[in-house]
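Biologist: I am new to this structure and would like a close look at a single part of it, the way its helices pack against one another. Please take me through the crossings one at a time and then set them in the whole.

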Amino acid sequence: MTTSILWTSLGILLFRLQFLPLRENLPRLLGRSLYWVGVPMQILALARRSDFSKAMWLPPVITLEVLLLGFGLALLSLYLHSLVSHSLKNDNALSPHQAIPLAESIKWGGLPVVRKLFPKQRSGKGSFVLASMLGNTGFIGLAIAPAFVDPAYLGWVVLYGVTHNLLGSYGLGVVLASYFGRQAQKNQWWMQLRDVMCVPSLWAFAIGYLSRYLEFPPLMEWGIQTSLLFVIPGAFLLIGMQLSKLQGIKSFHAAVIPAVLKILVLPGLAGIVLTYFGVTGDARFALVLMSGMPTAFANLILAEEYNLDRQLAASSIVLSTLAFPLMIPLWLVLFK
């Protein structure tokens, strides 16, 4: 935690230095470096070290379920808000004789406070959806889980994290980021397919998986392991740079719903489904814990790469990460 605060604070400081070269372009340069080099190196190293021979089918299935649930709930939230807002506009367009009395026409979606919770721009909606579904299963998940999960199920934790990165952050996440990052009239299905096929993390995983039994030259191994030292600090630097752009508490309004979905609703639903199918104890808690990880750093990296709402991405990460420790006791009581 101290390390994360240090690097985030340094990112804020660096961005506020007016004389810094390429100051305005620095977040995008850092984000693209993580997307094209840093994260792929991390996945390559993880794929080479992980043993998938004893992998169970359950963690990947739950991972996919949680991703799709997050995606569906985020879209449903945006749709309901749009539906109610459109209804209110129609009510306001009626003549005074046709107008519905004020007491009857007030709907939750028309309240100013609630309207602030939803982004208006297409780029903001993209970050809203990604923040609701993508979790930090790598840095936070793999760091925290060993303290709460029986060692027998740590393989499930690793498998969940790998599946989430491949299918979520750099699979479905890239498709959605590519879709929301373009104007609707310019979108074609082959554009999203092309973007996924060009994701460096997917190729890195394939190379790492296929080369598990090969010995790389010592210098290459050293380079891969050394590069990992810069991924997490780089991610926190990027968060700090984007946080320096935030304009007070109002910048966190649109992050509330994604944070609630990510760290409260999704793990709760995952726990209910696992209980229904007879999965209990540490096995259930391991998957619930990973399902409730705070919004992923990948959200901000994708926002930089595909021109989504960077401030919403950063505020979602901060808000969900701060609230996450408060949820662990609840999951321990309900699902341990």
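**Helix crossings**

Modeller: In this predicted model, helix 12 (residues 231–243) and helix 16 (residues 310–335) have axes that come within 9 Å and cross at roughly 115°. The crossing of helix 12 with helix 16 is left-handed. On the helix 12 side the contact is made by Ile239, Gln242 and Leu243, and on the helix 16 side by Arg310, Ala314, Ile317 and Val318. Sorted by class, the residues of this contact are five nonpolar, one polar and one charged.

The next two crossings share helix 15 (residues 298–306), beginning with its approach to helix 6 (residues 122–133). The axes of helix 6 and helix 15 come within 10 Å and cross at roughly 155°. Angles over 145 degrees count as roughly antiparallel, and helix 6 and helix 15 are therefore roughly antiparallel to each other. Their crossing is right-handed. Ser127, Leu130 and Ala131 are the residues that helix 6 brings to the contact, where they meet Asn299, Leu302 and Ala303 of helix 15. Four of the residues in the contact of helix 6 with helix 15 are nonpolar and two are polar, with no charged residues.

Helix 15 also passes helix 8 (residues 154–180), again with axes that come within 10 Å, here crossing at roughly 40°. That angle makes helix 8 oblique to helix 15. The crossing of helix 8 and helix 15 is right-handed. From helix 8, the contact takes in Ser169, Tyr170, Gly173, Val174, Ala177 and Ser178, while helix 15 supplies Ala298, Ile301, Leu302 and Tyr306. This contact of helix 8 with helix 15 divides into seven nonpolar and three polar residues, with no charged ones. Leu302 of helix 15 thus appears in the contact with helix 6 and in the contact with helix 8.

As for the whole, the protein has 16 helices and zero strands. Of its 336 residues, 49% are buried. When contacts between residues at least 6 apart in sequence are considered, 84% join residues at least 24 apart. The protein has an accessible surface of about 16,900 Å², and carbon and sulfur atoms account for 70% of that surface.

How values were computed. Residues are numbered from 1 along each chain as its sequence is written. This is a predicted model: local features need pLDDT of at least 70, side-chain atom pairs count only at pLDDT 80 or more; totals for chains, interfaces and linings use all residues. Side-chain values use heavy atoms; hydrogens and water are left out. Axes are lines fitted to C-alpha atoms, for helices over the stretch in contact, and angles run from 0 to 180 degrees between N-to-C directions. Helices (H or I, at least four residues) and strands (E, at least two) are DSSP runs, numbered from the N terminus. A crossing is left-handed if the near helix is turned anticlockwise from the far one by less than a right angle, and right-handed if clockwise. Contact means heavy atoms within 4.5 Å. Ala, Val, Leu, Ile, Met, Phe, Trp, Tyr, Cys and Pro count as nonpolar, Asp, Glu, Lys and Arg as charged, and the others, Gly among them, as polar. Buried means under 20% relative accessible area, exposed over 50%, partly exposed in between (1.4 Å probe, protein chains only). Accessible areas come from the Shrake-Rupley method with a 1.4 Å probe; for residues, only the protein chains shown count as cover. Angles under 35 degrees count as roughly parallel, over 145 as roughly antiparallel, 65 to 115 as roughly perpendicular and the rest as oblique.
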